[in-house]
Amino acid sequence: MTARFDNLMMSYPLTLTHFFERSRRLFAKKTIATRVPGRPLFRYTYADFAERTMRLAGALATLGIRRGDRVATFAWNSHRHLELYWAAPLSGAVLHTLNIRLSPSDLTYIINHAGDSTIFVDASLWPVIAGIRDALPTVRRIVIMPDGVAGATETPTEHPEYEALVAGAEPVREWPALAETDAAGMCYTSGTTGHPKGVVYTHRAMFLHCLAEATADLFGLSENDRILHIVPMFHANSWCLPYSAVMVGADQIFAGANIQPPDICRLIQAEKVTFTGAVPTVWIAIKELCEKEGYDISSLRTIAIGGSAAPRSLQQAYAKNFGVQMSHAWGMTEMTPLGTVTRLKSYMEDWSEEKKYDVYSRVGYASVGVDVRIVDDSGAELPWDGECMGELQVRGPWVVASYYDNPESADRFTADGWFRTGDVATIDAEGYVQITDRTKDLIKSGGEWVSSVDVENLIMSHPKVLEAAVIAVPHPKWVERPLACVVPKPGSALEPSEIIEFLRPQLARWALPDAVEIIDAVPKTSVGKFDKKVLRERYKSWTPRQA
Ligand code: ADP
């Protein structure tokens, strides 16, 4: 007789509803806080959070929000934003987190392209939305959230106010049954070429991503963590950490409006934060501050750093000066966002410092759930030898399968089911991925590739350097040549020749920048990364100065 293997295990949908309901019961006493500028932190418990989220869901229903509707947020990191993170998808709606730093024209495009029906706006950010309101035909309703920023514009009375809405709503006591393939959230990529592109996350993708993110070999998140959310909640779901944190029942602290490096240091110290994450530019600023002003950040068990390359010298400084080993991660909005995190394997623990940092300066090996490969220009797979450099491609249950309503970007997906990341990488025999560059940042000098990331990292290990970005400038003979734009540490007198002489013994001849421009600050993107597009534009007609 043939064995029958159907219907043997429950087909239980992998939805965020499970995380919420479980934590509501198990972790009711755990706490959530938000920094409110100029005032003590706002604090409440998971029980309060759950009750308010259920009320908010009731309010969404009375606002006429239906399954599949896009509910946008235009907000700082806060407990209210967290309530929306849960109430919208658990009601069957799709949470669309808008980047508060985008230009009015990009915002208008994104809101219209997503067809958002409602926008929840922090009061201090209202003027931005007010300025484009007339150009948003799909938006039926706007709700204003009191973010506590002094001097914020008066709440416009024609729009409902969040607190009144929540207080007056009937809580939802039973969530709708959802399919795991239902859409839960969406984010747009910053779109360095063409229009921004929308990525829609399913419940299943987020569920599996959170489980992986919490594993010991990724961020090792647990109930006893105190997690500070600095990564903006519009940047790839704040790396999905507000979802994972609720999943494990960790205490959470939200950064609030306009957070600055001294606020971050104070929060880590006062709240005994054990885990937080941000882009490298944030950690560069905080390192300087901690060294100067002596904040105690020793409660941190690790710091997630990613979004752009984490300089080796920075990681070494955090380990040596503050006893914190950073977790260098690589990911993308298109990957919910995690792809890889660097961990030493057990047999690497007794390697020399130098060799260990060779590993830490890579972005790690693939997370469980993510397949990675590198391919050459013809699409042929390259070996994992640490030498061959090719385009990094990924696949897995939390990797985008297509952009939202965007057939023009079909070329980002291969015929055999992989997503083309646009990053250039090597993978070594142990599986550690090294991001050489974004395709558009690579410098090709006379047929030789120069990794701008490698050169930047070396420059940033110079004791007088705060930040450095290396870009390609046009060259009549070599086509492109590297130009280093360097920001000295405050109070340091730095000569360009010092950088060149520092690099000379460490770099191949063709990789040595032609010149060093001393600048005041490296321009940053809306999520705090080095914005090389702006530098390339600034120096597009660059010619060497006469000696
Ligand atoms: P944005 O386009 O706004 O930067 P993402 O945050 O989705 O949006 O950017 C993803 C990209 O960031 C990756 O494709 C990669 O180029 C870069 N990146 C992320 N993490 C790292 C890292 N640890 N090292 C180098 N580059 C990184």
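This passage describes the surroundings of the ligand, two backbone features and two helix pairs in a predicted model. Residues are numbered from 1 along each chain as its sequence is written. Because the model is predicted, local features need pLDDT of at least 70 and side-chain atom pairs count only at pLDDT 80 or more, while totals for chains, interfaces and linings use all residues, and side-chain values use heavy atoms, with hydrogens and water left out.

The ligand is surrounded by 15 residues, of which Ser190, Thr333, Asp423, Arg438 and Lys529 come nearest; a residue is near a molecule if one of its heavy atoms lies within 4 Å of it. The shell consists of five nonpolar, seven polar and three charged residues, where Ala, Val, Leu, Ile, Met, Phe, Trp, Tyr, Cys and Pro count as nonpolar, Asp, Glu, Lys and Arg as charged, and the others, Gly among them, as polar. Strand 13 (residues 325-331) contributes the most to this shell, with four residues; strands (E, at least two residues) and helices (H or I, at least four) are DSSP runs numbered from the N terminus.

Polar contacts, defined as pairs of N or O atoms within 3.5 Å, link the ligand to both side chains and backbone. An oxygen atom of the ligand is 2.6 Å from an N or O atom in the side chain of Lys529, and a ligand oxygen is 2.9 Å from such an atom in the side chain of His235, whereas a nitrogen atom of the ligand is 3.0 Å from a polar backbone atom of Gly307. Of the 570 Å² that the ligand exposes when taken alone, the protein buries 91%, with accessible areas computed by the Shrake-Rupley method with a 1.4 Å probe.

Most residues other than glycine have a negative phi, and most peptide bonds are trans. The peptide bond from Thr336 to Pro337 is nevertheless cis, with omega near 15°, and Pro337 is found in the loop between strand 13 and strand 14 (338-341). Lys272, in the loop between helix 10 (261-271) and strand 11 (275-278), has a positive phi, near 50°.

The axes of helix 14 (residues 452-459) and helix 15 (residues 496-503), which are lines fitted to C-alpha atoms over the stretch in contact, with angles running from 0 to 180 degrees between N-to-C directions, lie 10 Å apart at an angle of about 110°. Helix 14 and helix 15 are therefore roughly perpendicular to each other, a description applied to angles of 65 to 115 degrees.

Technical notes. A polar contact is a pair of N or O atoms within 3.5 Å; within protein, one must be able to donate a hydrogen and the other to accept it, and residues adjacent in sequence count only if both atoms are side-chain atoms. Angles under 35 degrees count as roughly parallel, over 145 as roughly antiparallel, 65 to 115 as roughly perpendicular and the rest as oblique.
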